[in-house]
Amino acid sequence: MTGILTSDQTKNILGLLRQKPGVETLAEPEVITFSGRETEIKATVIDYIITKYAYRETPTNLVISPQTSAVETGPALDVTPFLLSDGYTIVLNTTASVTDFLGYDQPTNTVAIHNKAGKRLDLPQVLPCLCIRKASTQVKLRDGQTVALELTKQLYESGIEINAEPKFFTEAKTPADQEDKEMLVFITATVVDAAGNRFH
């Protein structure tokens with residue numbers, strides 16, 4: 001869903017959503033930028049997740065150690081507005097996303113390697129799972145209008161897209177978690193002067 005709403009429509013829809021049970025507002029940030037300047041708003045954290053195990057031989061030991069990668073989780077919004085020459089019309093390029101780390105799936109296989117002597121060793125397989133909700137669009141809207149985006153969900157296991165939530169994650173859900181919740185993003189663009197006051 002991508003739609004453009006007037007100021008009154010936005011107020012009505014947000015008012016109705018706030019009255020609906022189960023609706024949660026995640027954030028209402030504001031940012032001021034220049035025409036043509038890319039801006040990013042984030043409320044993210046860096047998670048270090050295990051992606052594989054590494055094997056190393058020393059003169060006295062065999063060392064198997066986990067290798068981690070940094071993954072940024074949480075909501076992020078990337079916007080680049082362009083104010084057209086009429087002073088009212090804004091072209092908005094935007095990408096909204098929310099990344100969640102779900103945990104590790106139970107591996108069914110191992111990763112085979114060979115030591116210097118040629119002996120086979122089986123290392124544990126690591127299956128980190130991520131859920132990424134995302135929407136991108138380019139829209140043309142008037143000063144004070146709002147673009148509404150519905151984020152679509154994609155699931156990944158070890159960087160490969162999968163069709164359904166992993167079993168370990170669904171089994172750990174409570175009844176309240178079973179609801180298939182949707183995520184909406186509303187972006188209102190306004191033209192302001194150098195002091196930050198509404199221009200129109």
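Biologist: Along strand S2, which side chains point to one face and are buried?
Modeller: Keep in mind that this is a predicted model, where local features need pLDDT of at least 70, side-chain atom pairs count only at pLDDT 80 or more, and totals for chains, interfaces and linings use all residues. Residues are numbered from 1 along each chain as its sequence is written, and side-chain values use heavy atoms, leaving out hydrogens and water. Buried means under 20% relative accessible area, exposed over 50% and partly exposed in between (1.4 Å probe, protein chains only). The side chains of S2 alternate, with Glu40 and Lys42 pointing to the other face and not buried, so the buried side belongs to Thr39 and Ile41.

Biologist: Which residue in S4 stands opposite Ile41?
Modeller: Helices (H or I, at least four residues) and strands (E, at least two) are DSSP runs, numbered from the N terminus. Two strands pair if DSSP finds at least two bridges between them, and S2 and S4 run antiparallel with four bridges joining them. Opposite Ile41 in S4 is Leu77.

Biologist: Which strand gives the largest share of the largest nonpolar core?
Modeller: A nonpolar core is a set of buried Ala, Val, Leu, Ile, Met, Phe, Trp, Tyr and Cys residues joined through side-chain atoms within 4.5 Å. The largest one here has 18 residues, and Leu92, Leu149, Leu151 and Ile187 have the most contacts inside it. S4, S5, S8, S9 and S11 each supply at least two of its residues. With four residues, the largest share comes from S5.

Biologist: Thr99 is in S5 too, so is this residue buried or exposed?
Modeller: Contact means heavy atoms within 4.5 Å, and Thr99 touches Glu72, Thr73, Gly74, Cys131 and Ile132, not counting residues up to four places away in sequence. Its relative accessibility is 12%, so Thr99 counts as buried.

Biologist: Why is the sulfur of Cys131 not bonded to that of Cys129?
Modeller: A disulfide is a covalent bond between the sulfur atoms of two cysteines, and here the cut-off for the pair of sulfur atoms is within 2.5 Å. A search of the whole structure finds zero of them. Both cysteines are tucked away: Cys129 is buried at 0% relative accessibility, and Cys131 is buried at 4%. The bond is missing because the two sulfurs are too far apart, at 10 Å.

Biologist: What is the angle between the planes of Phe101 and Tyr104?
Modeller: Rings of Phe, Tyr and Trp (its six-membered ring) pair if their centres lie within 6.5 Å; planes under 30 degrees apart count as stacked, over 60 as edge-to-face and the rest as tilted. Phe101 is partly exposed at 28%, and Tyr104 is partly exposed at 35%. Their centres are 5.3 Å apart and the pair is edge-to-face, with a plane angle of 75°.

Biologist: How are the rings of Phe168 and Phe169 arranged?
Modeller: Phe168 is partly exposed, with a relative accessible area of 23%, and Phe169 is partly exposed, also with 23%. Their ring centres are 6.5 Å apart and their planes sit at 70°, so the arrangement is edge-to-face.

Biologist: How far apart in space are Gly22 and Val139, C-alpha to C-alpha?
Modeller: Gly22 is in the loop between helix H1 and strand S2, and Gly22 is exposed, with a relative accessible area of 63%. In sequence, Gly22 and Val139 are 117 residues apart. In space, C-alpha to C-alpha, the gap is 29 Å.
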